[in-house]
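User: I'm new to reading protein structures. Could you walk me through this one with a few questions?

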Amino acid sequence: MKHITAHSNTITQVKVPLPFPLRWVNSYLVQGSAGYTLIDPGLHTAEAEELWHSALKECGVAFEHIEQIVLTHHHPDHYGMAGWFQERTGAPVLLSETGLLQTQLLWGGEQPMTALLLDLFARHGMDAAGLATMAKHMDGFVAFVSPQPQVTLLREGPVRLGDRAYAAIETPGHAAGHLCFYDAEAETIFCGDHVLPQISPNVSFLPQVEANPLGAYLSSLQDISRLPVKLAYPGHREPWTAFGARAAELIQHHEERLGIMENQLKAKPLTAYEVCLATFGERLSTHQMRFALSETIAHLVLLEVEGRIRQTDQDAEIIRYLAT
Ligand SMILES: [Zn+2]
Ligand SMILES: [Zn+2]
């Protein structure tokens, strides 16, 4: 696989390897007169370190040429190497406030998100064996994001990447606090994982983060699909041109899935875990199960908000839903 692709005089795509089926995450180097902006440096692994040493050499970029590290969102495959780069460059790491909050919930101190997520999954019907495996899986991620960076908060609004003016646009859903960076003059966008070609970005419900993530996702997709975009630079796969059409396709995909889940709940009450197995199948890895179940919950939450399903017993220890 070719790891480095120059897309313009100033924008270079670097494919950073991932030990997941996604295979790689796209990092972008944006050249400017004051140095390089590094977008989403990748998951921290030995392979990624090796890749970066050779990629920087090939691009003729020294660590001290990197002036800032900018993150579309806090997920480990994007944020993981930010601290490693900060140690070597001294550059600020820019992330949204909601993103920073989630890094603290997920990988700070006692990792409070682990207990919150296990509790959520238990209430939505996951069995004890599944929960025990999930607990180990959650703990395994800290190494992939260490050392963790000192974060400078990045807000919605104007931001300079290289020498060009971009608008940081908050696009929640795949991740709360996710930012896309839009160059209105060139009509290009760094869209992180908000809109991906070929892949449907995961939309997870996470405790204490966002009450209705799928609702937020669909409305931010609507908004962003209206922007004129000639070329979109995604977090995974290759840069592509049909950005608005892809956003519309993703809206359609979730509307279909909402209908499928609503139908499953017409015959008898089911837990989110049962809906998840019926929708995504039983043969999921722990990693896949985590995202499949969180995604199922996100769909059921939206169906409940829309009044299409309801919880059969508000006081029950285990939540079951039924179509209304
Ligand atoms: Zn992501
Ligand atoms: Zn990603």
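User: At roughly what angle do the axes of helix H5 and helix H10 cross?

Analyst: Happy to start there, and keep in mind that this is a predicted model. Two packed helices are described by the angle between their axes and the distance between the axes. For helix H5 (residues 112-123) and helix H10 (residues 286-305), the axes come within 11 Å. That crossing makes H5 roughly perpendicular to H10, and the angle is roughly 65°.

User: Which residues of H5 and H10 make the contact?

Analyst: H5 passes H10 in a left-handed crossing. On the H10 side, the contact involves Arg290, Leu293, Ser294 and Ile297. From H5 come Leu117, Leu120 and Phe121.

User: Which residue bridges the two zinc ions?

Analyst: Let's compare the two donor lists. The zinc ion (ligand 1) has His73 (NE2), His75 (ND1), His174 (NE2) and Asp193 (OD) as protein donors, at 2.0 to 2.4 Å. The zinc ion (ligand 2) is coordinated by Asp77 (OD), His78 (NE2), Asp193 (OD) and His236 (NE2), at 2.1 to 2.2 Å. The ions lie 3.5 Å apart, and the residue that coordinates both is Asp193.

User: Why is the arrangement around the zinc ion (ligand 2) classed as it is?

Analyst: Four donors count as tetrahedral if all angles lie between 85 and 135 degrees. Here the four donor atoms subtend angles of 89 to 158°. Because of those angles, the arrangement is called irregular.

User: How is the site of the zinc ion (ligand 1) spaced in sequence, and how many residues apart are His75 and His174?

Analyst: The donor residues follow the spacing H-x1-H-x98-H-x18-D. His75 sits in the loop between strand E5 (66-70) and helix H2 (76-79), while His174 sits in the loop between strand E9 (164-170) and strand E10 (179-183). This pair links distant parts of the chain, and the separation in residues is 99.

User: Are His75 and His174 buried or exposed?

Analyst: The cut-off for this label is under 20% relative accessible area. Both His75 and His174 are labelled buried.

User: What is the omega of the peptide bond between Ser146 and Pro147?

Analyst: Most peptide bonds are trans. The bond joining Ser146 and Pro147 is cis, and Pro147 lies in the loop between helix H6 (128-139) and strand E7 (151-153). Its omega is about -5°.

User: What is the phi of Glu187?

Analyst: Most residues other than glycine have a negative phi. Glu187, in the loop between E10 and strand E11 (188-192), is not a glycine, yet its phi is positive, at about 60°.

Key. Residues are numbered from 1 along each chain as its sequence is written. Chains are lettered from A and ligands numbered from 1 in the order in which they are written. This is a predicted model: local features need pLDDT of at least 70, side-chain atom pairs count only at pLDDT 80 or more; totals for chains, interfaces and linings use all residues. Side-chain values use heavy atoms; hydrogens and water are left out. Donors are N, O and S atoms within 2.8 Å of the metal (3.2 Å for Na, K and Ca); water is not among the atoms, so sites may look incomplete. Four donors count as tetrahedral if all angles lie between 85 and 135 degrees; four count as square planar and six as octahedral if opposite donors are over 155 degrees apart and all others between 65 and 115; anything else is irregular. Helices (H or I, at least four residues) and strands (E, at least two) are DSSP runs, numbered from the N terminus. Buried means under 20% relative accessible area, exposed over 50%, partly exposed in between (1.4 Å probe, protein chains only). Axes are lines fitted to C-alpha atoms, for helices over the stretch in contact, and angles run from 0 to 180 degrees between N-to-C directions. Angles under 35 degrees count as roughly parallel, over 145 as roughly antiparallel, 65 to 115 as roughly perpendicular and the rest as oblique. A crossing is left-handed if the near helix is turned anticlockwise from the far one by less than a right angle, and right-handed if clockwise. Contact means heavy atoms within 4.5 Å.
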